Amino acid sequence: MSPLPWMRRKLGRFSVSGTAKIIVWRSTGGTHLPQAPGVTVRKISVEDVDQANSMDDDSTVEYLHSVMRRGYHAWFAYCDGIVVHRSLLLPGPEAYHLWHHWATLHIPAPDGLILGCATHSSYGGRGIYSAVLAMIANESSWLGKWGFTETSNVASQRALIKAGFQPNHTLTVRAWHGLGRTVRGAA
Ligand SMILES: CC(C)(COP(=O)(O)OP(=O)(O)OC[C@H]1O[C@@H](n2cnc3c(N)ncnc32)[C@H](O)[C@@H]1OP(=O)(O)O)[C@@H](O)C(=O)NCCC(=O)NCCS
């Protein structure tokens, strides 16, 4: 086997630089938000994944296929006959890298991590994401539902707050050419 892919991966980490402040959120449910008029939401199976091509490019649809094969769960919101929103959940126990390998969230077995959420650009600002988040938070298959946002993602934070999520802790990462430091803070 050629050593090149392995070396590329090893060397690639030295190109990572940047700063990120991430808020980690958690909810055990209890908030109910009405979905936007004309929008229906359902938990989908792997056969439905291609429907996301109404809002996602081919590589994102391929990513959705790959994570569904790995045991993620997904919800699609539909409006006007197309997919207008997607949200994923990774069930615990799992360690998930929130920002490269410097910010890892350990999700215990009864919990799940919500990630990969996006709304179709023509359908933003109607409360679709907020209502989907509240709906997933009320799912009984998992106890705690975790989420994460960079502090710059104001829309996502507003949606999480509206959906009843509470800040759990923050992670501030400073990385410079592959050398990184993470500081955990209170919520
Ligand atoms: C973040 C995102 C999923 C929000 O979807 P959405 O369906 O428009 O969300 P909602 O309509 O529920 O809006 C949530 C809140 O964000 C606000 N909001 C929506 N778009 C916004 C924008 N571009 N800038 C600032 N606030 C915005 C809404 O006004 C609402 O707050 P309010 O009810 O207090 O007014 C969507 O913008 C998106 O796909 N972004 C790119 C991917 C992403 O960031 N995903 C989340 C990763 S954590």
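**Helix H3, its neighbouring strands and the ligand shell**

Good morning. I begin with helix H3, which spans residues 128–137 and is mostly covered, with ten of its ten residues buried. Please keep in mind throughout that the model is predicted.

The buried residues of H3 are Ile128, Tyr129, Ser130, Ala131, Val132, Leu133, Ala134, Met135, Ile136 and Ala137. Two of these names, Tyr129 and Ser130, return when we turn to the ligand, for they are among the closest residues to it.

Let me first place the helix in the chain. Which strands pair with strand E8, residues 145–150? One partner is strand E7, which runs parallel to E8 over two bridges. Within that pairing, leucine 113 stands opposite tryptophan 146 in E8. The chain passes from E7 through H3 to E8, and this β-α-β crossover is right-handed.

Another partner of E8 is strand E1, residues 18–27, and here the pairing is antiparallel over six bridges. Isoleucine 23 lies opposite threonine 149 in E8. Strand E8 is itself mostly covered, since five of its six residues are buried.

Strand E7 also has a further neighbour. Strand E4, residues 82–91, pairs with E7 in the antiparallel sense, over six bridges. One position to find on the model is arginine 86, whose bridge partner in E7 is alanine 118.

I come now to the ligand. How many residues surround it? There are 18, and the closest are Thr119, Gly124, Tyr129, Ser130 and Ala155.

Which elements each supply at least two residues of this shell? They are strand E7, residues 112–119, helix H3, and helix H4, residues 154–162. Of the shell, the largest share comes from H4, with six residues. Thus E7 and H3, which we met in the crossover, appear again around the ligand.

As to chemical character, the shell divides into seven nonpolar, eight polar and three charged residues.

To summarise, H3 is a mostly covered helix on the right-handed path from E7 to E8. E8 pairs with E7 in the parallel sense and with E1 in the antiparallel sense. H3, together with E7 and H4, contributes to the shell around the ligand. Thank you for your attention.

Terms used:
Residues numbered from 1 in each chain as written. Predicted model: local features only at pLDDT ≥ 70, side-chain atom pairs only at ≥ 80, totals over all residues. Buried ≥ 20, exposed ≤ 12 C-beta atoms within 10 Å, placed from the backbone. Helix = DSSP H or I, 4+ residues; strand = E, 2+ residues; numbered from the N terminus. Near = placed C-beta within 6 Å. Nonpolar A, V, L, I, M, F, W, Y, C, P; charged D, E, K, R; others polar. Pairing = 2+ DSSP bridges. Right-handed = clockwise from strand over helix to strand, strands pointing away.
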